[in-house]
Amino acid sequence: MSEVAPILSLRGVTRQFQSGEETLHILRSANLELYPGEIVALVAPSGTGKSTLLHIAGLLEPPQDGDVVIAGQKAHHLSDTGRTALRRDEIGFVYQFHHLLAEFTALENVVLPQLIAGVALRAAEERAKELLTRFGLAHRLNALPGKLSGGEQQRTAIARALANRPRLLLADEPTGNLDVHTSDVVFDELLRMVRHEGVAALIATHNDALAARMDHTVTLRDGQIVPF
Ligand SMILES: Nc1ncnc2c1ncn2[C@@H]1O[C@H](COP(=O)(O)OP(=O)(O)OP(=O)(O)O)[C@@H](O)[C@H]1O
């Protein structure tokens, strides 16, 4: 039997920014391996590079050095189109703010990424209903985002991120915009859903109690990804 391969590998990933005269060494040859179904918390102080790391892992920006490997494919060997397809097919993103399309209903927001990926309308609607129902939103399918509560908006955004059955979920403070109680509930639902779907997840949070619910925690120290 072959060994299980990581769904995400970061190898020697380096990213620096120029701030006036100063060079900020945010990632210094950082390494990480995330295996299928593994749920890892990324907890580090503000400004240490969590969002930068998630952007690079999600192929939204390239590192200055090093490799990002998603599902066995080296991102820098791919064309722009290839990277876009890999991102669309394998990666779901959840941000602190939901970024739902305001003029589309909750259902349509979860259907749309599937249509873009080539899924037929009826199958996309089935999948969207299944996900939204699992998030307790069966009665809100036709609501516009502006009519949803903050928790409902974020549940819809999570359903959208999972719609195309990604093998990797990247989340940046996914409940950071919600009140403490709602954050707690939505976070539990997110984890339950990620486990149910067998998705590997890297989730940045400032909240140690939320981090403790994941499989393990890493942090950023001197530009390296290390166990917390
Ligand atoms: N495009 C950019 N140009 C210059 N500096 C940047 C750029 N993007 C990020 N930085 C700097 O890099 C550092 C890391 O930023 P990043 O947003 O990754 O941190 P973070 O850990 O996610 O912070 P927070 O928890 O506050 O969201 C910060 O000092 C930030 O100012």
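A crossing of two helices is right-handed if the near helix is turned clockwise from the far one by less than a right angle. Keep that in mind for the views below, which come from a predicted model.

**View 1. Helices α3 and α4 cross in a right-handed way.** Here α3 passes α4, and the two axes come within 9 Å of each other. They cross at roughly 130°, and α3 and α4 are therefore oblique to each other. On the α3 side, look for A106, L107, V110, V111, Q114 and L115. They meet L121, A124, E125, R127, A128, K129, L131 and L132 of α4. Sorted by class, this contact has ten nonpolar residues, one polar and three charged.

**View 2. Helices α5 and α6 run roughly parallel to each other.** Helix α5 covers residues 150–162 and helix α6 covers residues 180–197. Their axes come within 10 Å and cross at roughly 15°. Angles under 35 degrees count as roughly parallel, so this pair earns the label. As with the pair in the previous view, the crossing of α5 with α6 is right-handed. From α5, the contact uses G150, G151, Q154, R155, I158 and L162. From α6 come T182, V185, V186, E189, L190, M193 and E197. This time the split is six nonpolar, four polar and three charged.

**View 3. Helix α5 is largely enclosed by the rest of the structure.** How many of the 13 residues of α5 are buried? Twelve of them are, so the helix is largely enclosed. The buried set is G151, E152, Q153, Q154, R155, T156, A157, I158, A159, R160, A161 and L162. Around them you'll find β6 (91–94), α3 (106–116), α4 (121–134), β7 (168–172) and α6, which the buried residues pack against. End to end, α5 reaches 19 Å from its first C-alpha to its last, close to the 18 Å expected at 1.5 Å a residue.

**View 4. I56 is a buried residue in helix α1.** That helix takes in residues 50–57. I56 has 24 C-beta neighbours inside 10 Å, so it counts as buried. Leaving out residues up to four places away in sequence, I56 touches V13, R15, E61, P63 and V68. Also worth finding is T14, which sits 42 residues from I56 along the chain, with 9.8 Å between their C-alpha atoms.

**View 5. E103 sits in the loop between β6 and α3.** Is E103 buried or exposed? It is exposed, with 10 other C-beta atoms within 10 Å. To find its partner in this view, look for L144, 41 residues away along the chain. The C-alpha atoms of E103 and L144 are separated by 6.7 Å.

**View 6. R165 and E173 each have a positive phi, though R165 is not a glycine and neither is E173.** Start with R165, in the loop between α5 and β7. Its phi is near 50°. R165 is partly exposed, with 15 other C-beta atoms within 10 Å. Then move on to E173, in the loop between β7 and α6. Phi of E173 is about 50°. E173 has 20 C-beta neighbours inside 10 Å, so it counts as buried.

Methods
Residues numbered from 1 in each chain as written. Predicted model: local features only at pLDDT ≥ 70, side-chain atom pairs only at ≥ 80, totals over all residues. Axes fitted to C-alpha atoms, helices over the stretch in contact; angles between N-to-C directions. Helix = DSSP H or I, 4+ residues; strand = E, 2+ residues; numbered from the N terminus. Parallel < 35°, antiparallel > 145°, perpendicular 65-115°, else oblique. Contact = placed C-beta atoms within 7 Å. Nonpolar A, V, L, I, M, F, W, Y, C, P; charged D, E, K, R; others polar. Expected span 1.5 Å × (residues − 1).
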